[in-house]
Amino acid sequence: MTRTIVASATREIVIGFDQPFCVIGERINPTGRKKLAAEMTAGDFSTVEKDALAQVAAGATMLDVNAGVTAVNPNETEPPLLVRTLEIVQSLVDVPLSIDSSVTAAIEAGLKVAKGRPLVNSVTGEEEKLEAILPLVKKYNVPVVAISNDETGISEDPDVRFAVAKKIVERAADYGIPAHDIVVDPLVMPIGAMGSAGQQVFRLLRRLREELKVNTTCGLSNISFGLPHRHGINAGFIPMVIGAGMTSAIMNPCRPQEMEAVRAANVLTGNDPNCSDWIMTYRDYKPGAEGGPAAAPASASGGSGRRGGREGRRRASA
């Protein structure tokens, strides 16, 4: 059985088909968040700190950390900012981290200060990226997210995206990197723009699991981009992709509706033995007043079975 091991300073998490779904908190990312980007540029990490604590309390298994605040001289500005962000997050929470950057120098700088065994996010099928990132993955003995696009861009054909994923797995093997350390992102398309996007990703996930035998991830909210009430779509999508074989996702754990879907899928796939995590999380559950949203549970725990804090931290932004 394929198992991808990630770790913080003291805590190890296994991503795998027989494991609880790995929720990778997405909030520490200034992309599309002008206020956060401005704060980080000015050396203000108060929102980063709040988002780190809130996501872990809501049940995140891991945290994605991105410091891409500007397209101006990112090779100079991003490495030190990413290092500072990682150090702050590690000082507050003890969960594995995903080092998220398109800048090779930033990834290497992050790997030098990251504790445990972080996940590198990411490498693509582009030759330049393969030659830059795979040696770092081998050098630091860490797993990596493999995004299924190459020099030709993102194909709408799922067979082409599978072929790119296969190419990355094979090239990684040339560097001595095992398939269990490759976490493939099959690229979820917006269902509002491509009606077959859901069917495509379900088919891709089955092939990735059965043929390449790799773990998988995605930017979960991509599926609902452009639609109203996106969290309803996301919550419906979660158990379906888990059923098709997805083992992790970069998502917002502070959305109770989506975390409920994750925990329910863990129960129904047999990855929450004796329903213990579900019972511990929702034992004090009470329906929302006047038919409104369900009240947050008294306690929450992540996919690894750890007890967390209150989950009722609703965010205004997606």
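Modeller: Helices and strands here are DSSP runs of at least four residues for a helix and at least two for a strand, numbered from the N terminus. The model is predicted. With those names we can place a residue such as Leu187, which is found in the loop between strand S8 (182–185) and helix H7 (197–212).

Colleague: What is the sign of phi at Leu187?

Modeller: Phi of Leu187 is positive, near 70°, and the residue is not glycine. A second case is His229, where phi is near 45°, again a positive value in a residue other than glycine. His229 lies in the loop between strand S9 (215–216) and helix H8 (230–244).

Colleague: Is Leu187 buried or exposed?

Modeller: To answer, take the relative accessible area and compare it with the cut-offs: under 20% is buried and over 50% is exposed. Leu187 has 12% relative accessibility, so it counts as buried. His229 has a relative accessible area of 58% and is therefore exposed.

Colleague: Now a strand. Which residues of S4 lie on one side and which on the other?

Modeller: The general idea first. Side chains in a regular strand alternate between the two faces of the sheet. In S4, one side holds Met62, Asp64 and Asn66, and the other holds Leu63 and Val65. Both faces are covered, with all of these residues buried. Put as a count, five of the five residues of strand S4 (residues 62–66) are buried.

Colleague: Which strands pair with S4, and in what sense?

Modeller: Strand S3 (residues 22–28) pairs with S4 in the parallel sense, over three bridges. Within that pairing, Ile28 has Val65 of S4 as its bridge partner. Strand S5 (residues 97–100) also runs parallel to S4, and four bridges join them. In S5, the residue opposite Asp64 is Ser98.

Colleague: Through which helix does the chain cross from S4 to S5, and what is the hand of the crossover?

Modeller: The chain leaves S4, passes through helix H3 (residues 74–92) and arrives at S5. This β-α-β crossover is right-handed.

Colleague: Next, the rings. How many aromatic pairs does a search of the whole structure find?

Modeller: The search finds two. To read a pair, look at the distance between the ring centres and then at the angle between the planes. Phe202 and Phe237 are 6.2 Å apart, centre to centre, with 35° between the planes, and the pair is tilted. Phe202 is in helix H7 and Phe237 in helix H8, 35 residues apart, which makes this a link between distant parts of the chain. Phe202 counts as buried at 13% relative accessibility, and Phe237 is buried with a relative accessible area of 5%.

Colleague: What is the geometry of the pair formed by Trp278 and Tyr282?

Modeller: Trp278 and Tyr282 also form a tilted pair, with 4.4 Å from centre to centre and 45° between the planes. Both belong to helix H10 (residues 276–282); because they are four residues apart there, about one helical turn separates them. Trp278 has 30% relative accessibility, so it counts as partly exposed. Tyr282, with a relative accessible area of 9%, is buried.

Colleague: Over which rings do Arg84 and Arg209 lie?

Modeller: The charged end of Arg84 sits over the ring of Phe45, 6.0 Å from its centre. Arg209 lies over the face of Phe17, and its distance from the ring centre is 4.3 Å.

Colleague: Last, the empty space. How many cavities of 30 Å³ or more are found?

Modeller: Two cavities of that size are found in the whole structure. A cavity is closed to the probe, while a pocket is open. The largest cavity holds about 80 Å³ of space. Twelve residues line it, and Glu26, Ser221, His231, Asn234 and Glu258 lie nearest its centre. H8 supplies the largest share of this lining, three residues. H8 and strand S10 (248–251) each give at least two.

Colleague: How much space lies in the largest pocket, and which residues are closest to its centre?

Modeller: The largest pocket has about 830 Å³ of space. It is lined by 37 residues, and the closest to its centre are Asn29, Asp100, Gly219, Asn222 and Ile250. Several elements supply at least two lining residues each, among them S3, S4 and helix H4 (104–113). S6 gives the most, with three residues.

Notes
Residues are numbered from 1 along each chain as its sequence is written. Side-chain values use heavy atoms; hydrogens and water are left out. Buried means under 20% relative accessible area, exposed over 50%, partly exposed in between (1.4 Å probe, protein chains only). Two strands pair if DSSP finds at least two bridges between them. A crossover is right-handed if, with the strands pointing away from the viewer, the path from the first strand over the helix to the second runs clockwise. Rings of Phe, Tyr and Trp (its six-membered ring) pair if their centres lie within 6.5 Å; planes under 30 degrees apart count as stacked, over 60 as edge-to-face and the rest as tilted. A charge sits over a ring if NZ of Lys or CZ of Arg is within 6 Å of the ring centre and within 35 degrees of the ring normal. On a 1 Å grid over the protein atoms alone, a cavity is a set of points where a 1.4 Å probe fits but cannot get out, and a pocket is an open set with protein on both sides within 12 Å along at least five of seven lines; lining residues have an atom within 4 Å of a point. Grid points are joined across faces, edges and corners, and a volume is the space filled by probe spheres set on the points.
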